[in-house]
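Here's a quick briefing to read alongside the structure. It starts with the ligand site and then moves on to one of the chains.

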Amino acid sequence: MIRFDEVSKRYPGGKEALVRVSFELEAGEMVFLTGHSGAGKSTMMKLIILMERPSQGQVFLAGTNLSRVSRRQIPAVRRSVGVVFQNHQLLFDRTVFDNVALPLAIAGFGHREVGRRVRAALSKVGLSDKEKLFPVTLSGGEQQRVGIARAVVNKPAVLLADEPTGNLDPELSKEIMDLFHQFNQVGVTVMIATHDLGLVSRMKRRELKLDHGRLEEVAL
Amino acid sequence: MTKTPASSKSSGATTAVTSFRAKALSWASHHRRVAVESLSSLLATWLTSLMTWLVIGIALALPIILYLMLVNVAEISGEWDGQPRISLYLVHGAAETEARDLAQRLLERPDIESTSFISSVDALVEFRAISGFGDVLNTLDHNPLPAVIEIRPSTTDVSQLRLQVTSLAGYELVDSVAFDLEWIERLFAILQFGERLVAAVGFVLALGVLLIIGNTIRLAIENRRSEIEIVKLVGGTDSFVRRPFLYLGFWYGLGGAVCAWILVQGSLIFLSAPVETLAQSYRDDFALSGLGVLDSCIILGTGSALGILGALVAVSRHLKAIEPK
Ligand SMILES: Nc1ncnc2c1ncn2[C@@H]1O[C@H](COP(=O)(O)OP(=O)(O)O)[C@@H](O)[C@H]1O
Ligand SMILES: [Mg+2]
């Protein structure tokens with residue numbers, strides 16, 4: 001589903017964020033991406049949704065070689081991936097409903113279908129009663145769940161989460177992780193960047209560890 | 001493990017095929033929604049919006065008012081009509097038979113429609129009657145007035161008339177030709193200059209409107225930077241991201257055009273009474289030409305088009321630079 005082939009990323013200014021990273025993720029897998037702050041976790045995520053391009057090597061997503069994707073085709077790639085970010089990236093002047101509906105509006109779904117899917121996504125993350133509220137009135141954990149609902153509302157085959165529990169207390173973190181686990185159970189390929197090692201060890205999943213841009217597989 | 005995503009993918013494909021109509025409908029309803037949202041965002045800050053609308057309105061109204069002035073002046077002067085007259089003053093002592101003969105011969109020229117001969121005696125009688133100088137004239141021992149042939153040319157074209165005047169002056173019997181070409185030529189020159197002026201002013205002000213709208217849209221883009229980043233992050237296409245700003249430009253342009261229309265109609269009402277009084281001394285049926293339905297549509301259409309164009313310029317220059325980080 002996701003394959004990195006000898007990928008290096010050097011940012012303008014010379015910082016080597018990734019050094020010859022290779023790995024493959026099967027469809028339906030769930031994997032944790034760990035490593036110190038600045039190890040290159042976010043950079044890996046950004047390469048998958050084409051927010052950055054590799055300096056060397058190739059990234060494949062669902063069989064597509066991303067180095068062949070033109071600027072115009074980027075939105076379509078991004079729509080096929082659900083992303084959850086640490087800083088929730090919500091529209092604060094829109095209701096919860098409208099936030100979650102955004103990917104559907106972009107994809108051009110009909111009114112009724114949008115309502116149906118948004119409610120399904122909100123009920124999955126346990127926010128059914130909050131659709132008319134604005135994000136500011138929600139707690140941090142609830143805002144994060146709005147972000148997750150938006151990431152899955154379009155039923156993507158791949159879900160990327162960059163430190164989704166970064167600001168949350170252990171209790172809420174566990175809830176969020178359980179949610180990702182559920183999506184994985186129905187076949188979604190899930191990749192979660194985190195430095196919450198306690199959580200990772202409890203989940204007993206494949207773990208990829210980055211150290212100064214170099215990737216190593218952690219044995220279970 | 002690989003079974004489920006494959007099936008979810010294929011179900012996604014079926015939805016895409018079966019719901020083409022639904023997608024077209026949703027596309028239309030999205031347009032409607034974006035249009036309404038951008039208008040209501042303008043109305044929510046109506047005072048600021050009104051300022052922008054007025055500035056655009058003034059910029060559009062100015063060339064329109066100039067243009068209407070031009071049209072009306074052309075109409076009044078056109079009324080001086082297609083019937084110019086040329087007077088041929090004949091040499092003193094020209095024999096009346098020869099003079100009548102000339103008048104007759106002139107009729108054969110294709111550029112002359114009719115002639116009429118006024119002998120020096122008739123001219124004196126007429127002059128006496130209308131001038132009131134009868135007593136003075138009686139003291140003169142000879143008639144100082146020349147015989148005259150009045151001509152109605154068959155053309156109204158100024159350059160042809162000018163040629164005609166030169167050729168008429170060539171006849172032996174003709175002493176001088178009176179025809180006030182100059183003021184007509186001046187008027188035509190002024191009208192032509194006016195047309196150019198309207199075009200130039202219109203062009204410059206249209207450019208100004210484009211810049212005003214472009215700049216306003218640039219600020220709107222700047223204000224919604226984080227929203228644009230998010231929309232792009234979740235896969236918003238360029239046209240999706242662009243759409244609200246194009247509608248914003250459209251509303252700015254249309255609102256500005258409505259202001260311009262009100263300003264123009266207001267000035268016409270304000271000016272119509274004195275202008276018509278003045279003009280009716282030349283022409284009794286004169287009415288100030290105002291904005292018709294077609295003119296109004298053109299104004300509103302031009303305003304909206306300028307709005308969209310200004311927005312397009314701003315969007316193409318500033319939207320690409322905003323990428324999610
Ligand atoms: N846009 C950028 N320009 C320059 N350097 C960057 C940029 N983004 C990230 N980096 C650098 O690349 C390295 C990896 O960053 P990142 O992928 O964000 O790490 P992580 O998410 O693991 O904390 C860091 O040293 C960071 O400073
Ligand atoms: Mg990071």
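Helix 1 of chain A (residues 41–48) supplies the largest share of the shell around ligand 1, namely three residues. Keep in mind that this is a predicted model.

**Who sits around ligand 1**
- The shell takes in Tyr11(A), Lys15(A) and Ala17(A), plus the run His36(A), Ser37(A), Gly38(A), Ala39(A), Gly40(A), Lys41(A), Ser42(A) and Thr43(A).
- Sorted by character, the shell has six polar residues, three nonpolar ones and two charged ones.

**Polar contacts and cover**
- On the side-chain front, Ser42(A) puts a polar atom 2.7 Å from an oxygen atom of ligand 1.
- The backbone joins in too: an N or O backbone atom of Gly38(A) lies 2.7 Å from a ligand 1 oxygen atom.
- Ala39(A) also has a polar backbone atom, 3.2 Å from an oxygen atom of ligand 1.
- Taken alone, ligand 1 has 560 Å² of accessible area, and the protein covers 66% of that.

**Chain B at a glance**
- If you're tracing the secondary structure of chain B, expect eleven helices and four strands.
- Chain B runs to 325 residues, and 36% of them count as buried.
- Looking at chain B contacts with a separation of 6 or more, 80% come from residues 24 or more positions apart.
- Chain B has an accessible surface of about 18800 Å², with 65% of it belonging to carbon and sulfur atoms.

Note on methods
Residues are numbered from 1 along each chain as its sequence is written. Chains are lettered from A and ligands numbered from 1 in the order in which they are written. This is a predicted model: local features need pLDDT of at least 70, side-chain atom pairs count only at pLDDT 80 or more; totals for chains, interfaces and linings use all residues. Side-chain values use heavy atoms; hydrogens and water are left out. A residue is near a molecule or strand if one of its heavy atoms lies within 4 Å of it. A polar contact is a pair of N or O atoms within 3.5 Å; within protein, one must be able to donate a hydrogen and the other to accept it, and residues adjacent in sequence count only if both atoms are side-chain atoms. Accessible areas come from the Shrake-Rupley method with a 1.4 Å probe; for residues, only the protein chains shown count as cover. Helices (H or I, at least four residues) and strands (E, at least two) are DSSP runs, numbered from the N terminus. Ala, Val, Leu, Ile, Met, Phe, Trp, Tyr, Cys and Pro count as nonpolar, Asp, Glu, Lys and Arg as charged, and the others, Gly among them, as polar. Buried means under 20% relative accessible area, exposed over 50%, partly exposed in between (1.4 Å probe, protein chains only). Contact means heavy atoms within 4.5 Å.
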